Amino acid sequence: SLTKSSHAGGISIYWGQNGNEGTLEATCATGKYAYVNIAFLNKFGKGQTPELNLAGHCNPANNGCVGTSTGIKSCQSRGIKVLLSLGGGIGSYNLTSRLDAKNVADYLWNSFLGGKSRSATRPLGDAVLDGIDFDIEQGSGGHWPDLARYLSEYSKRGRKVYLGAAPQCPFPDSNLGTALNTGLFDYVWVQFYNNPPCQYTTGNTANILDSWTRWTTSINAREIFLGLPAAPAAGGSGFIPVADLNSKVLPAIR
C-alpha cells in the first residue's frame with residue numbers, strides 16, 4: 001500500500017510481503033518514496049521468540065535475510081527513512097504487560113536499531129534502521145503506549161528512533177488509539193481503505209474527506225498520511241482512480 005502526506009512530505013510504502021515486488025534496493029532506486037516500512041515482524045510479545053516474515057524475499061530462520069542490510073543502507077544513502085513494521089493482518093503478537101513491552105522494546109533496539117548487545121542476533125544484518133512502525137491489527141490496545149514510550153527513550157542515546165503507526169480510518173482506532181494519544185508518533189499513515197464508512201467510493205469523496213479532517217484535527221503527530229491501496233488488487237476496497245485522486249481528493253487535503 002501507499003501513503004501520501006498532507007503536506008507533500010513524500011510517499012511511504014510497505015515492502016516485504018510480495019516476493020515479486022523487487023529488491024529493497026531497486027524499490028528505493030525508483031526515487032518515488034521517502035519512507036519504506038519493512039513488513040513484518042509478525043510474531044512477538046507474550047513471551048514468544050520474535051519472528052520476522054518477509055514472504056518470498058528471504059528466510060530469516062536460517063539467517064537468510066541478513067543481506068537485506070545492503071538494501072537498507074542503499075535506501076538510507078538516498079535520504080529515505082527505513083522502518084521495521086510490527087504486526088500486520090496475520091501473525092501471533094500482543095503485549096500482555098509493561099514488562100512484556102519493555103522486553104520487546106529491548107529486543108527491537110538490540111536486533112534492528114542502535115543497540116550493541118553482543119548476544120543479539122540481527123535478522124536484517126548490521127544496518128541500523130531509522131525506527132519502528134506499528135501496524136497493529138489484533139490483540140488488545142493496553143500496552144502499545146508502553147512500547148512507544150520505551151522505544152522513544154532510546155532516542156536519548158543519540159540517534160532518534162522514529163515511530164510510525166498505521167491505524168484503520170474509523171476513529172479512534174481500536175488497537176492504536178491509546179498509543180497515538182501519547183503524541184510520540186512521527187508518522188501516522190491512516191488506512192483509508194477496507195473501511196467503507198471512511199473511504200472513497202465511486203463518485204463519493206465525502207466520507208474519506210470527513211474522516212481525514214477528524215484524524216488531522218485530533219491526533220498530535222509530526223505528519224499524517226493518506227493511506228491508500230496502490231492498485232485495485234492491493235486492497236479489498238477503497239482504491240481511488242488516479243484522476244479522482246488528483247482532482248477531488250488531494251486538492252482538498254493539502
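Which strand does F40 lie in? F40 lies in β3, and the bond leading into this residue is one of the odd spots in what is a predicted model, since the peptide bond from A39 to F40 is cis. Below is a quick tour of the backbone quirks, the nonpolar cores, helix α2, and two residues picked out for a closer look, H143 and S111.

**Cis peptide bonds**
- Most peptide bonds are trans, and most residues other than glycine have a negative phi, so departures from either habit are worth a glance.
- Going from A39 to F40, omega sits near 5 degrees, which makes that bond cis.
- There's also a cis bond joining F171 and P172, with omega about -5 degrees.
- P172 isn't in a helix or strand run; look for P172 in the loop between β8 (162–165) and α5 (177–180).

**Positive phi**
- A55 has a positive phi of about 50 degrees, even though this residue is not a glycine.
- You'll find A55 in the loop between β4 (51–52) and α2, and with a relative accessible area of 38% A55 counts as partly exposed.
- N63 is another non-glycine with a positive phi, here about 60 degrees.
- N63 also belongs to the loop between β4 and α2, and N63 is exposed because its relative accessible area, 53%, is over the 50% cut-off.
- G79, which follows α2, has a positive phi as well, near 85 degrees.

**Nonpolar cores**
- In soluble globular proteins, nonpolar side chains tend to be buried together.
- The largest nonpolar core here has 65 residues, and the ones touching the most other members are I38, L84, F134, L147 and L226.
- Helix α3 is the top contributor to that core, giving five residues.
- A second core, separate from the big one, has nine residues, including Y14, Y35, A39 and F40.
- So both ends of the cis bond from A39 to F40 belong to that second core, given that a nonpolar core is a set of buried residues joined through side-chain atoms.

**Helix α2**
- Which residues of α2 (residues 68–77) are buried? They are T68, S69, G71, I72, S74 and C75.
- What do these buried residues pack against? Their partners are two strands from earlier in the chain, β2 (11–15) and β3 (35–44), plus helix α1 (24–29) and strand β5 (81–88).

**H143**
- H143 sits in the loop between β7 (131–136) and α4 (144–153).
- Buried or partly exposed? H143 is partly exposed: its relative accessible area is 21%, and buried means under 20%.
- The side chain of H143 makes a polar contact with the side chain of D146, at 2.8 Å.
- Setting aside neighbours within four places in sequence, H143 is in contact with L95, T96, S97, R98 and A101.
- Two of those contacts, R98 and A101, carry numbers that fall in helix α3 (residues 98–111).
- For a sense of scale, H143 and I13 are 130 residues apart in sequence and 26 Å apart in space, C-alpha to C-alpha.

**S111**
- S111 is found in helix α3, which covers residues 98–111.
- Why does S111 count as buried? Its relative accessible area is 3%, and the cut-off for buried is under 20%.
- Not counting residues up to four places away in sequence, S111 touches A120, T121, R122 and P123.

Methods
Residues are numbered from 1 along each chain as its sequence is written. This is a predicted model: local features need pLDDT of at least 70, side-chain atom pairs count only at pLDDT 80 or more; totals for chains, interfaces and linings use all residues. Side-chain values use heavy atoms; hydrogens and water are left out. Helices (H or I, at least four residues) and strands (E, at least two) are DSSP runs, numbered from the N terminus. Buried means under 20% relative accessible area, exposed over 50%, partly exposed in between (1.4 Å probe, protein chains only). Contact means heavy atoms within 4.5 Å. A polar contact is a pair of N or O atoms within 3.5 Å; within protein, one must be able to donate a hydrogen and the other to accept it, and residues adjacent in sequence count only if both atoms are side-chain atoms. A nonpolar core is a set of buried Ala, Val, Leu, Ile, Met, Phe, Trp, Tyr and Cys residues joined through side-chain atoms within 4.5 Å.
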